[in-house]
Amino acid sequence: MDGPDGGVVAAGTCEHWAPAPGSLDVIEGAALRFRLTPYISAPDALASLDTLLSRWRDHLAAVPEAVGNDTAAVISWPSRDVTGVRALVAHGLVPLGVIAARPASRRPATIADCPPGVRIRRADPADLDVATQMSLEVIRFDAHFAGVVERPGAAQALRAELAGLLDGHEPWAWLAERDGDPVGLLVAERPQVAGWIAPRTGRSPVAYLLVLYVAPAERGTGVGTALTEHLHRAAAAAGVSVVLLEYAQVNPLAVPFWGQQGYRPLWATWEARPARTLR
Ligand SMILES: CC(C)(COP(=O)(O)OP(=O)(O)OC[C@H]1O[C@@H](n2cnc3c(N)ncnc32)[C@H](O)[C@@H]1OP(=O)(O)O)[C@@H](O)C(=O)NCCC(=O)NCCS
């Protein structure tokens, strides 16, 4: 898009993307995703984004695969750039997911007390079954908020992903147990594995918190906080600059919890599902 003096003030690329079969990406949304990356330098970002979204809609109307039901038009927008929000809403996009960040400088990592009878230990490959089951429970809970979809093969994809993370020296994975029975799980990616999400922030090194789950009967007593602080302490010792994670915008447990743990929204994922509902 050209500005008044003829220079380009806004542009966008639309990537037509489908997750690789068997990868964990399959659960993260529609089977076929059209992802807009906007570049806006105009002073009036709202008007420029509005025009860009109209052109994207027209582009997708001419793409035969975009008429399918299992499709989504997806755009990531900086959470604190409030200037574009009205345009996103006007075009039928809904904010589904949040990428949140906790800089290492937020506050020192101390280990919170566990509730009586609960003990936290590092997870290892022998915990793969319970780790897969608890991670599936997170997917099922998240599926209520429409961003995540539990597809056939989700358990196998999770198992493969977790097997890789649990295998190795001192994995960033911890289990909470009551009387030896598992009641909570946290799994995170070290910076060497979290490179896929590193471009979302200027800070480095980046770690990624993949799973946090606490059994319903144990929630609200500090188990989630204690698990999270084990990660924060390990991340601080490894020189991690920022921990990123994702949660559903309307997950009533995750939103206050992550805020309290020092995480702040960085990117919002806006979607129109199916893609043809982009207007
Ligand atoms: C999100 C989740 C992991 C939080 O775990 P949790 O063990 O309930 O977390 P905590 O108990 O540490 O903290 C939750 C609340 O309990 C409070 N709490 C902590 N310790 C407490 C204690 N000793 N006594 C009473 N309340 C306590 C916390 O202050 C917090 O309350 P607040 O949100 O009103 O401030 C858990 O709710 C869960 O598994 N949800 C389903 C899956 C999910 O959403 N995962 C995250 C996806 S991104």
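Student: How far from a nitrogen atom of the ligand does a backbone N or O atom of Leu212 lie?
Tutor: The model is predicted, with pLDDT of at least 70 required for local features and 80 or more for side-chain atom pairs, while totals for chains, interfaces and linings use all residues. Residues are numbered from 1 along each chain as its sequence is written, and side-chain values use heavy atoms, without hydrogens or water. A polar contact with the ligand is a pair of N or O atoms within 3.5 Å, and for Leu212 the distance is 3.0 Å.

Student: Which residue places a backbone N or O atom 2.7 Å from an oxygen atom of the ligand?
Tutor: A backbone N or O atom of Val214 lies 2.8 Å from a ligand oxygen, so this distance does not fit the one asked for. The residue at 2.7 Å is Gly222.

Student: What share of the ligand's exposed area does the protein bury?
Tutor: Accessible areas come from the Shrake-Rupley method with a 1.4 Å probe. Taken alone, the ligand exposes 920 Å², and the part of this that the protein buries is 69%.

Student: Which are the edge strands of the open sheet?
Tutor: Ten strands, which are DSSP runs (E, at least two residues), form this mixed sheet in the order 1-2-3-10-4-9-8-7-6-5. Strands pair if DSSP finds at least two bridges between them, and each edge strand pairs on one side only. The edge strands are strand 1 (10-17) and strand 5 (118-122).

Student: How many bridges join strand 6 to strand 7?
Tutor: Strand 6 (residues 173-178) and strand 7 (residues 181-189) run antiparallel, and Ala173 stands opposite Val187 in strand 7. The number of bridges joining the two strands is six.

Conventions. A polar contact is a pair of N or O atoms within 3.5 Å; within protein, one must be able to donate a hydrogen and the other to accept it, and residues adjacent in sequence count only if both atoms are side-chain atoms. Helices (H or I, at least four residues) and strands (E, at least two) are DSSP runs, numbered from the N terminus.
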